[in-house]
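Look at the fold before reading on. The questions below go through it piece by piece.

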Amino acid sequence: MKQSFPFIMEVATEMALPAITLEQASHRIGPTHTRRCAMATSMGGIGPLIKDRLFGQSEESGSVAGVSLLYEWVWTQKRTEKKGLQLEKKPVGSILRKILRKTNLGFSLKLFNGRRVRVEVFSIPFGHATGYYLSCPEVIDVLYPGAADAPPPHPDPGYWGHQQGLLQNWILGRGALRLAKKLRCRPDALVLSETPAVFAHPRL
């Protein structure tokens, strides 16, 4: 990646896919799967915000990158006449990999518990910027993991969800720094828009 200063890196748990990407995906994989991809990358307000900032900043400088996570599952809503509104957990990781581009920027990362995992990197353009999605299925299973996501049977599902969230945050933050090294670019500005991105702080 050729660097022209300043190099800005946005780091967040969500990074909404560009509209053109979703439009193209709808023709390739259908509206239902496309909707899952949209939800898995934008469950809250931060996803669209990061997307818009990448497009906006790329108009001023080509040296802009976003870093987020590639989730394997997503919670969706379903309404039935008998049971009303229900939540369903649906697979999405394999679908996202069909519309993102796999790079050769993957790396090995040591977690805070001493375990080492393999992280693959997928990308997609956001105007003149690039968005990168870190993939590690054994850890990055679902956005904001909770007790309902714990593998059964588990003695303490709430604790599992909390720990899984911390591990995801670690991969997001430390993975963003490792990715910067793979790109051979030292960020002039790391934008950490939410607490889960705190591990991208280079002095931690």
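**Strands, bridges and loops**

In this predicted model, Q77 stands across from L87 of strand β4. Local features need pLDDT of at least 70, side-chain atom pairs count only at pLDDT 80 or more, and totals for chains, interfaces and linings use all residues. Residues are numbered from 1 along each chain as its sequence is written, and side-chain values use heavy atoms, with hydrogens and water left out.

Q: How many bridges pair β3 and β4, and in which sense?
A: Strands here are DSSP runs (E, at least two residues) and helices are runs of H or I (at least four), numbered from the N terminus. Two strands pair if DSSP finds at least two bridges between them. β3 and β4 meet this with eight bridges, in the antiparallel sense.

Q: How many residues lie between β3 and β4 in their hairpin?
A: Q77 and L87 face each other across the pair. The two strands form a hairpin. The number of residues between them is three.

Q: Which residue in β9 is the bridge partner of M9?
A: Strand β1 covers residues 8-11. β1 pairs with β2 (residues 64-69) in parallel over four bridges, and I8 stands opposite V64 there. β1 also pairs in the parallel sense with β9 (residues 189-192), again over four bridges. In β9, the partner of M9 is L190.

Q: Are the residues of β1 buried or exposed?
A: Buried means under 20% relative accessible area, exposed means over 50%, and partly exposed lies in between (1.4 Å probe, protein chains only). I8 and E10 point one way from β1, while M9 and V11 point the other way. On both sides, all are buried.

Q: How many salt bridges does the whole structure hold?
A: Side chains of opposite charge can pair when their charged atoms come close. The criterion is a side-chain nitrogen of Lys or Arg within 4 Å of a carboxyl oxygen of Asp or Glu. A search of the whole structure gives seven.

Q: How many residues apart in sequence are the parts that E72 and R97 tie together?
A: E72 and R97 form a salt bridge, with the closest N and O atoms 2.6 Å apart. E72 lies in the loop between β2 and β3 and R97 in helix α4, so the pair ties together parts that are separated in sequence by 25 residues.

Q: What is the relative accessible area of D149?
A: D149 forms a salt bridge with K89, the closest N and O atoms being 3.0 Å apart. The pair links the loop between β8 and α5 to strand β4, 60 residues apart. K89 is partly exposed at 28% relative accessibility. D149 is buried, at 9%.

Q: Which residue's side chain meets E138 in a salt bridge?
A: The N to O distance is 2.8 Å. E138 lies in the loop between β8 and α5, and its partner in the loop between β6 and β7, so the pair ties together parts that are 23 residues apart in sequence. The partner is partly exposed at 33% relative accessibility. That partner is R115.

Q: What is the distance between the C-alpha atoms of W160 and D149?
A: W160 lies in helix α5. W160 is buried, with a relative accessible area of 15%. W160 and D149 are eleven residues apart along the chain, and their C-alpha atoms are separated by 8.6 Å.

Q: What is the separation of the C-alpha atoms of K182 and L105?
A: K182 is in helix α5. K182 is partly exposed, at 36% relative accessible area. The two residues are 77 apart along the chain, and their C-alpha atoms are separated by 6.3 Å.

Q: Which peptide bond is cis, with omega near -10°?
A: Most residues other than glycine have a negative phi, and most peptide bonds are trans. P153 sits in the loop between β8 and α5. The cis bond runs from P152 to P153.

Q: What is the phi of R184?
A: R184 is in the loop between α5 and β9. R184 is exposed, with a relative accessible area of 77%. R184 is not a glycine, yet its phi is positive, about 60°.
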